[in-house]
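Colleague: Could you take me through the pockets in this model, and the helices around them? I'd like a close look in plain words.

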Amino acid sequence: MIKRVMPSAVLLVAVVIAAVPWALPESAIFILPLLLIILVFVLTVQQGHELPSLSVFAGGLIMDILTAGPLGYWAAIFLLTHTLAGLYRKRVKRRDFGGLWLTFAATAVAVSASGWGLASLYFVRVIDWQPMVIAGVTAIALFPLVAWPMRRSLGLEPATIFSGRR
């Protein structure tokens, strides 16, 4: 039971923390919410306790409500991340940290571009792309801080992590 509830509870706590107004500059407005894609990705890929898609959707809706954003925006972004991470989990049998990070980087680029496009549609104008790029690059750079401590639950092979040996 705990293995089923824990990933959802972790995501919920992270959503509440990320929704707090931290007085970031306008160019960094997407950083905290987009950092949650790291958590969604890692909790989806980990072995033994999957993050349910319903929890991902609910986490996105809660983020939308707490940030007074367009309803469904973060839910769509989180679900896209969850879907891409699920594809990785199903298709890749032998995992190493470099491959995981590279897959996350590709996911972050896709999610950032989709988020920018979706935001432009919501506001019926082309919005500034720089805040989303800054958030995406930050998420890619900070990925190891979340994923590395969870390397055993991610099913990473110890001999291949950061060593280059296969």
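Modeller: Sure, here is a walk through the two pockets, then one of the helices, then a single arginine. Keep in mind that this is a predicted model.

Let's begin with the largest pocket, which holds about 700 Å³ of space. Its lining counts 26 residues, and those closest to the centre are E26, I29, F30, P33 and W74. Where does the lining come from? Four helices, α1 (2-19), α2 (31-45), α4 and α5 (97-122), each put in at least two residues. As for chemistry, the lining of this largest pocket divides into 21 nonpolar residues, two polar ones and three charged ones. If you wonder how one finds such places, rolling a probe the size of a water molecule over the atoms shows where empty space is left.

Next comes the second largest pocket, with about 200 Å³ of space. Here α1, α2 and α6 (130-147) each supply at least two lining residues. The biggest share is from α2, which gives five. To find this pocket on your screen, look for A14, I17 and A18, then L32, L35, L36, I38 and L39, and finally L142, L145 and V146; together they line it. By class, that makes 11 nonpolar residues, with no polar and no charged ones.

Now for α5, one of the helices that line the largest pocket. Does its length come out as expected or not? With 26 residues at 1.5 Å each, α5 should span 38 Å, and its end C-alpha atoms lie 36 Å apart, so the two agree. Its buried residues are F97, L100, F104, A105, T107, A108, V111, S112, G115, A119 and S120. An α-helix has 3.6 residues a turn, so residues three or four places apart point the same way. That is handy to keep in mind when you read along the list. What do these buried residues of α5 pack against? Their partners are α2, α4 and α6. Just past the end of α5, V124 has a positive phi of about 50°.

Last, the arginine. R89 sits in α4, the helix that covers residues 73-91. The side chain of R89 reaches over to the backbone oxygen of T44, at 2.5 Å. Leaving aside residues up to four places away in sequence, R89 touches T44, V45, Q46, E50 and R95. T44 and V45 fall within the range of α2, residues 31-45, so to speak of R89 is to come back to a helix you have already met at both pockets.

Terms used: Residues numbered from 1 in each chain as written. Predicted model: local features only at pLDDT ≥ 70, side-chain atom pairs only at ≥ 80, totals over all residues. Heavy atoms only, no water. Polar contact = N/O pair within 3.5 Å; in protein donor to acceptor, adjacent residues only side chain to side chain. Contact = heavy atoms within 4.5 Å. 1 Å grid on protein atoms, 1.4 Å probe; cavity = no way out; pocket = protein on both sides within 12 Å on 5 of 7 lines; lining within 4 Å. Points joined across faces, edges and corners; volume = space filled by probe spheres on them. Nonpolar A, V, L, I, M, F, W, Y, C, P; charged D, E, K, R; others polar. Expected span 1.5 Å × (residues − 1). Buried < 20%, exposed > 50% of the residue type's maximum accessible area, 1.4 Å probe, protein only.
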